[in-house]
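Colleague: Hello! Could you walk me through this model, one question at a time?

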Amino acid sequence: MRDISRASGDSPPLIHHYFKTKRDLYNEIKRQMILRFDAFWTDTTRTLVNEECVPGTVLRRIFEFMQENPTVLRVGAWSQLEGDNAPWPGELQALESVSRVFSAAQSGGGMRPDLDPMLLTILVEGFMLSWWEYRDNYVRLYEGMPESENLDEKVLAVMTEVFLRGTLTKTHPRGHLTKSSSAVIKKKGRRDS
């Protein structure tokens, strides 16, 4: 707490008045980060109303949020290292707000209706966390290569393309599916019948 006091310029008693423990302070930091995302997302949803491609815009905006808020990743990584896997205060509501945008796009006919909006939201979050967590490593890895130019934009473009259109051609041969993929497709086909 002394280090926090020194860094913030506030006295230890004042910090203890508001936060009885380090855990209380830590939870408040996480809550503030979720509130920052919530404010950002509220602004985003205002611009999504007239967008042609809601999923692409959602990807871009969350990508930009992560780019502008690197502390979110650091706190998240620290949580994982500490074994703290509990949801952040307000995290579920934040995920649900993104999910509602996907759901509305499905209702409006702009997205496939057979995909679970919450699972799509989790997929987007996974894309973002993966890129921003390891970005510096990839930048160093590709340093000096043509691929390194505008790497953030290139990665976002590929994420968006894969998210919107997948990776397979429309005429992909069935023989290229793995056994586990074939089993999933067969089971799904039986359930849909």
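Colleague: To start, in the loop between which helices is the place of glycine 110?

Modeller: Happy to help, and please keep in mind that this is a predicted model. Along the sequence, glycine 110 falls in a loop, and that loop joins helix 6 and helix 7.

Colleague: Is glycine 110 buried or exposed?

Modeller: A residue counts as exposed when its relative accessible area is over 50%. Glycine 110 has 56%, so it is exposed.

Colleague: What distance separates the C-alpha atoms of glycine 110 and glutamate 52?

Modeller: Along the chain, glycine 110 and glutamate 52 are 58 residues apart. In space, the separation of their C-alpha atoms is 7.9 Å.

Colleague: Let's step back to the whole chain. How many helices and strands are there?

Modeller: Reading along the sequence, you meet the pattern α-α-α-α-α-α-α-α-α. The count is nine helices and zero strands.

Colleague: What share of the residues counts as buried?

Modeller: Here buried stands for a relative accessible area under 20%. The chain has 193 residues, and the buried share is 28%.

Colleague: And among contacts between residues at least 6 apart in sequence, what share joins residues at least 24 apart?

Modeller: A contact means heavy atoms within 4.5 Å. For contacts between residues at least 6 apart in sequence, the share that joins residues at least 24 apart is 60%.

Colleague: Now the packing. At what angle do helix 3 and helix 4 pack?

Modeller: Helix 3 covers residues 22–48 and helix 4 covers residues 54–68, with their axes 11 Å apart. The crossing is right-handed. The angle is about 145°.

Colleague: Which residues of helix 4 meet helix 3?

Modeller: From helix 3 come Met33, Arg36, Phe37, Phe40, Trp41, Thr44 and Leu48. By class, this contact has nine nonpolar, two polar and two charged residues. On the helix 4 side, the residues are Val54, Thr57, Val58, Arg61, Ile62 and Phe65.

Colleague: How do helix 6 and helix 7 compare: at roughly what angle do they cross?

Modeller: Helix 6 passes helix 7 in a right-handed crossing. Residues in the contact include Glu91, Leu95 and Phe102 of helix 6, and Pro117, Leu120 and Glu125 of helix 7. Seven nonpolar, four polar and three charged residues make up this contact. The axes come within 8 Å, and they cross at roughly 115°.

Colleague: Which residues are the closest to the centre of the largest pocket?

Modeller: The largest pocket holds about 630 Å³ of space. Helix 3, helix 4, helix 5, helix 6 and helix 7 each give two or more residues to its lining, which divides into 17 nonpolar, five polar and four charged residues. Of the 26 lining residues, the closest to the centre are Val72, Trp88, Glu91, Glu125 and Leu129.

Colleague: How much space lies in the second largest pocket?

Modeller: Its lining has 14 residues, with Arg112, Leu115, Phe163, Leu164 and Arg165 nearest the centre. Helix 7 and helix 8 each supply at least two residues of that lining. The space in the second largest pocket is about 470 Å³.

Colleague: One last thing: what is the phi of asparagine 150?

Modeller: Most residues other than glycine have a negative phi. Asparagine 150 sits in the loop between helix 7 and helix 8, and it counts as exposed at 57% relative accessibility. Although asparagine 150 is not a glycine, its phi is positive, at about 50°.

Notes: Residues are numbered from 1 along each chain as its sequence is written. This is a predicted model: local features need pLDDT of at least 70, side-chain atom pairs count only at pLDDT 80 or more; totals for chains, interfaces and linings use all residues. Side-chain values use heavy atoms; hydrogens and water are left out. Axes are lines fitted to C-alpha atoms, for helices over the stretch in contact, and angles run from 0 to 180 degrees between N-to-C directions. Helices (H or I, at least four residues) and strands (E, at least two) are DSSP runs, numbered from the N terminus. A crossing is left-handed if the near helix is turned anticlockwise from the far one by less than a right angle, and right-handed if clockwise. Ala, Val, Leu, Ile, Met, Phe, Trp, Tyr, Cys and Pro count as nonpolar, Asp, Glu, Lys and Arg as charged, and the others, Gly among them, as polar. On a 1 Å grid over the protein atoms alone, a cavity is a set of points where a 1.4 Å probe fits but cannot get out, and a pocket is an open set with protein on both sides within 12 Å along at least five of seven lines; lining residues have an atom within 4 Å of a point. Grid points are joined across faces, edges and corners, and a volume is the space filled by probe spheres set on the points. Buried means under 20% relative accessible area, exposed over 50%, partly exposed in between (1.4 Å probe, protein chains only).
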